[in-house]
Amino acid sequence: MTIGRNSIRRGGFTALEALIAAAILAFLTATVSGALMAGRAQSRMARDMVAASMLGQSLMEEVMRLPVKDPQGALTIGPEAGEVRSTFNAVDDYHGYSDGLTTITDLAGNGYPAAYQGFVRQVSVSPTTYTPSGWGLTVSAMLVTVTVSSSDGRELIKIQRTACN
């Protein structure tokens, strides 16, 4: 009795089957990796937005604690000669103020933790008028804008408030 070549079957995969399985596995790995990377980028953006919001709100509260009218009667927007952040005495003194990347501090000069360094905060102040509903009059005010950007210059948060006496 002769046994033909076709009658003996060995177990296992052919090279073609292994190649198709490897291609499917590579495709699935690439798809899952892409989704994970996108999720990671979204998570980082959310973290940065929360930190930027806190930094911006903190600086806005610092600015808004001051009066609109300068106690010394200065009429120019921006700090007067010799004034520094710790001696600002009116809202407009913050015009042009900026800190960031490695120098973000609170009013007392205490540095924020490392997680908050790497952002840039900027303040602009401009005169405006404001007509509160129901008042029937227009008041002079200052529009305060605090902008927080990432280290690559991307604007993350912009907060605006109207300051009036």
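Here are some notes on the fold, the overall form and three buried side chains of this predicted model.

1. Start with the layout. The protein chain has 1 helix and 4 strands, and along the sequence these come in the order α-β-β-β-β. The helix, α1, covers 15-64. The strands are β1 at residues 98-100 and β2 at residues 119-130, then β3 at residues 139-150 and β4 at residues 155-163.

2. On to the overall form, which is worth a look before the details. The radius of gyration of the protein chain is 31 Å, whereas a compact globule of 165 residues would be near 15 Å. The C-alpha trace spans about 120 × 40 × 20 Å along its principal axes. Buried residues account for 30% of the 165. Of the contacts with a separation of 6 or more, 44% are between residues 24 or more positions apart.

3. A word on surface and charge. About 11100 Å² of the protein chain is exposed, and 60% of that comes from carbon and sulfur atoms. The side chains include 13 positive and 13 negative ones, with 21 Å between the centres of the two sets.

4. Now the strand pairing, strand by strand. β1 and β2 run antiparallel and are joined by 3 bridges; within this pair, G100 has V120 as its bridge partner. β2 also pairs with β3, again in the antiparallel sense, over 12 bridges, and here Y130 of β2 stands opposite V139. β3 then pairs antiparallel with β4 over 8 bridges, where L143 is matched with T162.

5. If you check one turn, try the hairpin of β3 and β4. There are 4 residues between the two strands, and G153 has a positive phi near 90 degrees.

6. T147 is a good place to see how the strands come together. This threonine is in β3 and has a relative accessible area of 12%, so it counts as buried. Leaving out residues up to four places away in sequence, T147 touches V120, R121 and Q122, and also E155, I157 and K158. V120, R121 and Q122 fall within β2, residues 119-130, while E155, I157 and K158 fall within β4, residues 155-163. As a reminder for looking at this region, side chains in a regular strand alternate between the two faces of the sheet.

7. Which residues does F88 touch, apart from those up to four places away in sequence? They are L66, P79, E83, D93, Y94 and Y97. F88 sits in the loop between α1 and β1, and it is buried because its relative accessibility is 8%, under the 20% cut-off. L66 is 22 residues from F88 along the chain, and their C-alpha atoms are 8.4 Å apart.

8. Y97 is in the loop between α1 and β1 too. Is Y97 buried or exposed? At 15% relative accessibility, it counts as buried. Its contacts, again without residues up to four places away, are L59, R85, F88, R121, Q122 and V123. L59 belongs to α1, 15-64, and R121, Q122 and V123 belong to β2, residues 119-130, so Y97 touches both the helix and that strand. By contrast, W135 is 38 residues from Y97 in sequence and 33 Å from it in space, C-alpha to C-alpha.

9. One link to follow on screen: F88 and Y97 touch each other, while R121 and Q122 are contacts of Y97 and of T147.

Definitions and conventions: Residues numbered from 1 in each chain as written. Predicted model: local features only at pLDDT ≥ 70, side-chain atom pairs only at ≥ 80, totals over all residues. Heavy atoms only, no water. Pairing = 2+ DSSP bridges. Rg over C-alpha atoms; globule rule 2.2 N^0.38 Å. Buried < 20%, exposed > 50% of the residue type's maximum accessible area, 1.4 Å probe, protein only. Contact = heavy atoms within 4.5 Å. Areas by Shrake-Rupley, 256 points an atom, 1.4 Å probe, with all protein chains shown as cover. Lys, Arg positive; Asp, Glu negative; His and termini not counted. Charge placed at Lys NZ, Arg CZ, Asp CG, Glu CD.
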